[in-house]
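Visitor: I should like a close look at a single part of this protein, taken slowly and with the terms explained. Please begin from one pair of side chains and work outwards.

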Amino acid sequence: SVGEEDHIKPAVQQLGSLEGELHARAITDPLTGLANRQAFCASLRRHLARGGGQMVGIFAIDGMRALLMRYGQRTADDVLWGFGKFLETMALPGHELAQLDGERFAVLLPDMSPRAAREWAGDVIQTFAGLAAPTTAKGPQLTASAGIARVECTVDWTLREAELGLVLARAGGGRRVAVAGHRRAA
């Protein structure tokens with residue numbers, strides 16, 4: 001009957017809307033609204049399928065665990081949210097951003113040479129340190145570090161190389177950008 005069809009159409013539309021919302025939630029970090037690790041890895045797989053060669057950066061706030069212990073989860077969440085928004089303002093057209101986990105962010109940098117990617121990441125790190133300078137003596141000094149790698153081999157290889165760069169940057173005292181420099185066997 002006509003009345004039954006009138007009830008089915010809105011229900012089908014509502015179901016489609018719910019499916020879209022569930023999909024968006026499945027690929028989005030709830031705190032920052034950025035893409036999550038699953039979505040970023042899917043994008044890396046697509047780039048690898050087309051040959052790779054792009055650059056990727058992994059960023060993290062230095063001393064995040066100490067900040068969490070001293071100021072609490074709410075402040076840590078505020079810092080992460082703010083850093084995510086900051087990365088969005090620093091991103092250039094075509095850059096893809098994601099929050100990989102609780103404290104690490106990734107940026108896919110297409111059409112950038114390794115040198116340009118490192119310089120861009122350095123600008124991000126320096127600008128953040130300047131903007132996040134403490135306003136009081138008791139405020140935290142916020143800095144960040146980054147690891148840069150080429151998108152090659154596999155998603156895991158690419159992320160591991162960028163993570164190694166991040167470890168090296170932090171081992172050097174933080175507020176740095178580093179490239180791991182490991183090369184796959186020929």
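Are R104 and E163 buried or exposed?

Guide: Both R104 and E163 are buried, where buried means under 20% relative accessible area, exposed means over 50% and partly exposed lies in between, computed with a 1.4 Å probe and the protein chains only. The model is predicted, so local features need pLDDT of at least 70 and side-chain atom pairs count only at pLDDT 80 or more, while totals for chains, interfaces and linings use all residues. Residues are numbered from 1 along each chain as its sequence is written, and side-chain values use heavy atoms, with hydrogens and water left out.

The side chains of R104 and E163 form a salt bridge, with an N to O distance of 1.7 Å; the term denotes a side-chain nitrogen of Lys or Arg within 4 Å of a carboxyl oxygen of Asp or Glu. R104 belongs to strand β4 and E163 to helix α6, so the contact ties together parts that are 59 residues apart in sequence. Helices (H or I, at least four residues) and strands (E, at least two) are DSSP runs, numbered from the N terminus.

Beyond this pair, D62, E103 and R170 are joined into one network by salt bridges that share partners. In one of its links, D62 meets R170 at 3.8 Å, N to O. Here D62 sits in the loop between β2 and α3 (64-71) and R170 in helix α6, with their positions 108 residues apart in the chain. D62 is buried, at a relative accessible area of 14%, whereas R170 is partly exposed, at 30%. R170 also forms a salt bridge with E103, and the closest N and O atoms are 3.2 Å apart. E103 lies in the loop between β3 (96-99) and β4 (104-109), and this link from there to helix α6 spans 67 residues. E103 is partly exposed, with a relative accessible area of 24%. The whole structure holds 6 salt bridges.

The setting of these links is a sheet. Its 6 strands form an open sheet in the order β1-β3-β4-β2-β5-β6, with mixed pairing; two strands pair if DSSP finds at least two bridges between them. The edge strands are β1 (35-36) and β6, each of which pairs on one side only.

Strand β2 (residues 55-61) is antiparallel to β5 and joined to it by 7 bridges. Strand β2 is also antiparallel to β4, with 6 bridges between them. At F59 both neighbours can be traced: its bridge partner in β4 is F105, and in β5 it stands opposite A146. Other bridge partners across β2 and β5 include I61 with A144 and G57 with I148.

In a regular strand the side chains alternate between the two faces of the sheet. In β2, M55, G57, F59 and I61 point one way and V56, I58 and A60 the other, and all of them are buried. Strand β5 (residues 144-150) is mostly covered as well, with 6 of its 7 residues buried.

On its other pairing, β5 runs parallel to strand β6 (residues 177-179), with 3 bridges between them. I148 has V179 as its bridge partner in β6. Strand β5, helix α6 (residues 155-171) and β6 make a left-handed β-α-β unit. A crossover is right-handed if, with the strands pointing away from the viewer, the path from the first strand over the helix to the second runs clockwise.

Two helices may be placed against the sheet. Helix α2 (residues 37-49) lies across β1, β2, β3 and β4, at about 25° to β4. Helix α6, which carries E163 and R170, packs on the sheet and touches β2, β4, β5 and β6, and its direction makes about 145° with that of β5. Contact means heavy atoms within 4.5 Å; axes are lines fitted to C-alpha atoms, for helices over the stretch in contact, and angles run from 0 to 180 degrees between N-to-C directions.

For the protein as a whole, the secondary structure comes to 6 helices and 6 strands. Buried residues make up 40% of its 186 residues. Among contacts between residues at least 6 apart in sequence, 66% join residues at least 24 apart.
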